[in-house]
Amino acid sequence: MNRSKKLCILLGVLIVSCLAAFAALHAEEKQEQIKTSGETVLSIDSAKVTALSWTYDGMTLSFRRDGGDWQYEDDAEFPVSADAMDALLEPFAAFGAAFTIENADDLGQYGLDDPTCTITLTTDDRTYTVKLGDYSTMDSQRYADIGDGNVYLAVSDPMDEYDVELEDLIANDFVPYFDEVSQITFSGSTEYTVIYDEDGKSLCADDVYFTSAGEPLDTSRVNSYISKLRYLDLSDYVTYKATDEELASYGLDDPELTVRVDYTDDGTSDTFILHISRDPEERKDAADSGAEEDTAGITAYARIGDSKIIYRLSGNSYEALMAADYNDLQHQEIFPGDFGEVNSIEVTLDNATYTIASQKDGKALQWLYQNEEIEIDDLQEALEALTAEEFTSEKAAGQLEISLTLHLDNEDQTDVTISLYRYDGIQCLAAVDGKSTAYVLRNEAVELMEAVRAIVLN
């Protein structure tokens, strides 16, 4: 290799080394422009924002404030949630940066040449544009450009709020807590009124809800129904400006069930009205087929009062709300009273009548049969286990299996007679005070008869 060729090679190596050194120095210079921030780099008073729009995932949503209320630019009838808009503005009330990259030239490396989301906020005197880029792989924080020539790593990611669709911004109808319910009126598929009355007469001391005819209802069941209303999920709307034709298509021109609740919350009395209907065609098909359906296949809708918003209900919610008949809310136990109030029992069994009495021994209660102390636990357990499988008014036609008259220490009712009649191999028919009430499982009746026999035939 001649001398000139060696010199050319050495010169090339020198040039490459210089370029590498220059690049390293340039990189160091760039790196030195990245500094820890921790400061608030943008502060916009939410109350002064008159317009807000953003583009994300190919969709642009634009809103303006009109007289204090927000309006959706594409449809002024859309009911905009003030709370949702406040949440969207909140990140920029004090937008903090964890790191600042000053004089950033290559926005592409931060994902800001084609932003993930571009947000525009307008006040009376200024318009702000915020671009959100990629996540920093090291810090898992989002790059942001607020238009001042710098790139920031956001302390909090605005995309937590802006990753929404229009349906997330609707002002859904308000469902109250129902702190105190004074009355519930059902109309449609069932017609009756539930009244709150702490002084109502019942076998069960806990009963505070009664029909307008004075029939006691199970407090826990009524409260459970109120809870279903209280926590009803009304978020899946199908329209927010229902026409008369649409109401008919959803079956809400003539609701299947209307629930009216008179209540008081925080000392203020008001009325809540909920209309419920199944899809008319689907309802007709179900009625024609008569077959049981999986609730997952049910299409149903709800409307609050005269609201123009129609919501889709899940099959489970529909079934739960439609379970509002008197039989759904009354006691399912054949004897709903407190056994501690029973002071004697007359039993008719196997064509014989027996008397089981009690007496106080100090504070303890002793049970006696033919003046001999007995254990009553099995009889009590069997009596309390008698539960309606299905309510009925069918007249008893079968043989009497067992009848018990319970004498009570109760101001509202001094005695109650429960009679069980043979119905078929699976069920007995229960009558209370001579009135047919419900079908109960035969094995429950057998348990009761065996508990009595264990006492009287011992």
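**Exercise 1.** In which sense do strand β11 and β15 pair, parallel or antiparallel, and over how many bridges?

*Solution.* Begin by locating the first partner in this predicted model: strand β11 covers residues 180–188. Then follow its pairing with β15, which is antiparallel and extends over 8 bridges. Individual positions make the pairing easier to trace, since Thr185 has Arg260 in β15 as its bridge partner, while Ile184 stands opposite Val261 in β15.

**Exercise 2.** Find the strand that is joined to β15 by 9 bridges, and describe the hairpin of these two strands.

*Solution.* The strand to look for is β16, residues 268–278, and the two run antiparallel. As an example of a bridge, take Tyr263, whose partner in β16 is Asp270. Next, turn to the hairpin of β15 and β16, where 2 residues lie between the strands and Asp266 takes a positive phi near 50 degrees.

**Exercise 3.** Determine how many residues of strand β15 are buried, where buried means under 20% relative accessible area.

*Solution.* Strand β15 runs through residues 257–265, which gives 9 residues to examine. Of these, 8 are buried, and the strand can therefore be called mostly covered, given that buried means under 20% relative accessible area.

**Exercise 4.** Place β15 in its sheet, and identify the edge strands.

*Solution.* Write out the order of the open sheet, which has 8 strands with antiparallel pairing: β13-β12-β11-β15-β16-β17-β18-β14. In this order β15 stands between β11 and β16. The edge strands are β13 (209–211) and β14 (237–239), each of which pairs on one side only. Finally, from one strand to the next, the twist averages 25 degrees.

Technical notes
Residues are numbered from 1 along each chain as its sequence is written. This is a predicted model: local features need pLDDT of at least 70, side-chain atom pairs count only at pLDDT 80 or more; totals for chains, interfaces and linings use all residues. Side-chain values use heavy atoms; hydrogens and water are left out. Buried means under 20% relative accessible area, exposed over 50%, partly exposed in between (1.4 Å probe, protein chains only). Helices (H or I, at least four residues) and strands (E, at least two) are DSSP runs, numbered from the N terminus. Two strands pair if DSSP finds at least two bridges between them. Axes are lines fitted to C-alpha atoms, for helices over the stretch in contact, and angles run from 0 to 180 degrees between N-to-C directions.
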